[in-house]
Amino acid sequence: MSENNNISNGSVGIVSPQTTHFNTPLTLKSGAVLSQFELVYETYGTLNADKSNAVLICHALSGTHHVAGKYSETDKHPGWWDNLVGPNKPLDTNKFFVIGVNNLGGCHGSTGPISINPTTNQKWGSLFPVVTVEDWVKSQSLLADYLGIQQLAAVVGGSLGGMQALQWTVAYPERVKHALVIASAPNLTAQNMAFNEVARQAIITDPEFHGGDYYAHNVLPRRGLRIARMLGHITYLSDDAMGAKFGRKLKDGVKYSFDAEFEMESYLRYQGDKFAGEFDANTYLRMTRALDYYDPALDFDGDLTAALKNVTAKFLVISFTSDWRFSPTRSREIVKALLDNERTVSYAEVTAAHGHDAFLMPDAHYHNILRAYINNIVVDNSYAK
Amino acid sequence: MQNNVNITNSTQKFRQDFAIISGWVKFGSKVLDLGCGDGELLQFLRGGLEVKGYGVEKDDVNWLACIKNGSNVIQMDLEDGLSVFEDQSFDTVILSQTLQAMHKTEEIVHEMLRVGREIIVTFPNFGYWRNRIQITGGRMPVSKILPYQWYDTPNVHLCTINDFDEFCKNNKIMILERCVITDTKAVNFMPNLLGNLAMYRLKAS
């Protein structure tokens with residue numbers, strides 16, 4: 001990190017992604033098999049001698065492996081959770097070896113719909129299988145194996161990332177010491193899934209979607225993806241936050257038109273356009289489907305307490321008061337199931353105005369919580385066999 | 001509002017009721033401390049009795065202090081009940097000097113009896129003679145244990161020992177033990193007059 005002094009204090013500095021190729025076939029929850037796959041990831045900090053200081057960060061719907069740092073001195077956009085990860089930041093890279101990984105089905109380097117299907121030598125497109133939270137965690141565990149990490153000091157995730165952190169403790173109880181499950185839920189409510197369905201319908205009904213094989217037609221279903229993202233943005237913010245940010249402010253007075261007259265409209269259009277230009281529609285479909293399907297209690301007659309019976313990790317669960325898409329009630333269900341099993345758990349309900357987006361914001365109290373909890377994580381291999 | 005009334009002074013290592021509470025908690029048992037403040041009691045019980053402890057605390061600053069000292073703490077408002085805790089899932093549920101600040105007094109006691117096999121309730125005795133003297137003098141009592149003015153007090157349901165005894169009787173709550181103290185000394189003679197802190201070990205009858 002010595003060469004990165006020009007970058008703001010506390011930054012991990014200039015980073016670059018790595019790619020690992022896996023030749024062993026991966027059987028997905030759906031039964032589909034990926035004969036081989038690649039995962040792209042970044043790491044920050046140094047893995048200690050007994051490999052006991054690794055922290056995995058799981059990304060949400062539109063996240064990537066690029067969690068922290070910048071790709072060049074002039075890079076204006078640091079990683080998506082740069083305010084959390086870095087030297088002397090709440091997740092301190094002086095102490096921890098932090099891993100960010102792009103999930104399977106993603107569009108930022110890991111094998112996904114835009115990758116080449118080895119059987120057809122064409123982009124996967126519609127043929128890329130539907131992936132699940134369970135599949136992601138399985139593939140992440142293979143990456144941990146590859147890095148020689150037997151046990152993670154912590155798995156951290158917000159939203160869909162929180163579901164992965166939870167799934168780690170269910171699937172590999174002995175491999176996780178701490179799980180930080182933030183702004184998440186043990187499954188989605190009907191209302192939450194309904195937003196995903198509208199988003200997917202916007203994409204699927206875009207004339208340029210071509211059943212998911214738009215690459216072959218050299219077009220992109222931008223309109224659909226744009227609307228999906230606009231809808232998402234509305235649900236990630238609270239009414240109050242939108243009110244405070246835009247209110248009823250007009251850009252340039254009323255024009256009796258359907259142009260973006262209100263500032264809120266131009267914000268949503270801008271966000272939608274930006275996203276449609278950089279994200280893959282097939283990936284969006286799969287990420288939202290993974291959200292819909294995740295339900296660890298399903299095999300236990302809906303009994304989450306039974307589903308978490310074998311969990312041994314210590315938990316920090318955090319929710320935000322104004323988050324209506326992943327409301328505090330849902331986080332409390334996770335807490336209750338852990339309490340029922342007499343697990344070590346703490347729960348914070350952070351007073352925040354920003355809605356679901358609050359989990360990415362550097363709110364002082366929220367960051368103090370993370371800093372205090374992470375600071376108490378003991379780095380040693382005492383749990384390892 | 002659930003912050004415990006802090007009566008620790010610099011010469012005391014822990015609050016005067018902690019020693020008695022720890023005498024009522026079994027070694028290695030499972031304990032829930034409601035309105036746990038900065039987690040000091042939980043820490044004390046963990047160290048001495050190796051309890052499996054959880055705290056409930058609403059205040060952000062106290063909650064954070066609990067995390068720093070390694071206590072399990074659930075951020076919740078006690079006024080909303082204890083729905084995240086199963087029936088009879090704790091050996092002991094403690095409400096230490098918080099009862100008087102609760103709005104839903106009866107509800108919280110019933111919730112505690114639902115969740116805990118035994119419960120411990122402690123509160124400042126409003127019948128203490130120094131309080132009576134201040135009332136007789138025409139003013140609301142202000143003291144080390146009741147350090148608030150009438151207009152800024154979080155204490156909305158102050159009671160005397162006699163009041164609480166009757167509350168237990170009316171609600172069919174069995175008093176297993178009662179201990180009344182004044183400045184760490186046990187008060188056995190005229191406790192409702194001479195004791196300033198009342199401590200009860202209770203169970204449903």
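**Strand E12(A), pockets and cavities**

His178(A), Leu180(A) and Ile182(A) point to one side of E12(A), Ala179(A) and Val181(A) point to the other, and all are buried. The model is predicted. In a regular strand, side chains alternate between the two faces of the sheet. Strand E12 of chain A spans residues 178-182. Five of its five residues are buried, so the strand is largely enclosed by the rest of the structure. The cut-off for buried is a relative accessible area under 20%.

E12(A) has pairing partners in E11(A) and E13(A). Strand E11 of chain A covers residues 154-158 and pairs with E12(A) in the parallel sense. Four bridges make up this pairing. Within it, Gly157(A) has Val181(A) of E12(A) as its bridge partner. Helix H2 of chain A, residues 160-171, joins E11(A) and E12(A) in a β-α-β unit. The unit is right-handed. Strand E13 of chain A, residues 314-320, also runs parallel to E12(A). Here the strands are joined by five bridges. Leu180(A) has Leu316(A) of E13(A) as its bridge partner. Leu180(A) thus belongs to the set of E12(A) side chains that also holds His178(A) and Ile182(A).

Pockets were examined next. The largest pocket holds about 1,200 Å³ of space. Its lining comprises 37 residues. Nearest its centre lie Ser62(A), Trp80(A), Arg229(A), Lys274(A) and Leu360(A). Helices H3 (190-204), H4 (222-236) and H6 (263-278) of chain A are the elements that give two or more residues to this lining. H6(A) provides the largest share, with five residues. By class, the lining has 15 nonpolar, 14 polar and eight charged residues.

The second largest pocket holds about 410 Å³ of space. It is lined by 22 residues. His178(A), Lys314(A), Thr344(A), Tyr373(A) and Asn376(A) lie nearest its centre. His178(A) is a residue of E12(A), where it is buried. Lys314(A) falls within the residue range 314-320 of E13(A). The lining has eight nonpolar, 10 polar and four charged residues.

Cavities form a separate group. The count comes to four cavities of 30 Å³ or more. The largest cavity has a volume of about 90 Å³. Its lining is made of Phe126(B), Met140(B), Pro141(B), Leu146(B), Tyr148(B), Gln149(B), Trp150(B), Thr153(B), Asn155(B) and Leu158(B). Seven of these residues are nonpolar and three are polar. No charged residue takes part in the lining.

Two individual residues were also considered. In chain B, Ser29(B) sits in the loop between helix H1 (18-24) and strand E1 (30-34). The relative accessible area of Ser29(B) is 7%, so this residue is buried. Leaving aside residues up to four places away in sequence, Ser29(B) touches Val51(B), Lys52(B) and Asp91(B). In chain A, Asp145(A) is found in helix H1, residues 133-146. Asp145(A) has a relative accessible area of 43% and is therefore partly exposed. Asp145(A) is 25 residues from Thr120(A) in sequence. In space, the C-alpha atoms of Asp145(A) and Thr120(A) are 30 Å apart.

Terms used
Residues numbered from 1 in each chain as written. Chains lettered and ligands numbered in written order. Predicted model: local features only at pLDDT ≥ 70, side-chain atom pairs only at ≥ 80, totals over all residues. Heavy atoms only, no water. Buried < 20%, exposed > 50% of the residue type's maximum accessible area, 1.4 Å probe, protein only. Pairing = 2+ DSSP bridges. Right-handed = clockwise from strand over helix to strand, strands pointing away. 1 Å grid on protein atoms, 1.4 Å probe; cavity = no way out; pocket = protein on both sides within 12 Å on 5 of 7 lines; lining within 4 Å. Points joined across faces, edges and corners; volume = space filled by probe spheres on them. Nonpolar A, V, L, I, M, F, W, Y, C, P; charged D, E, K, R; others polar. Contact = heavy atoms within 4.5 Å.
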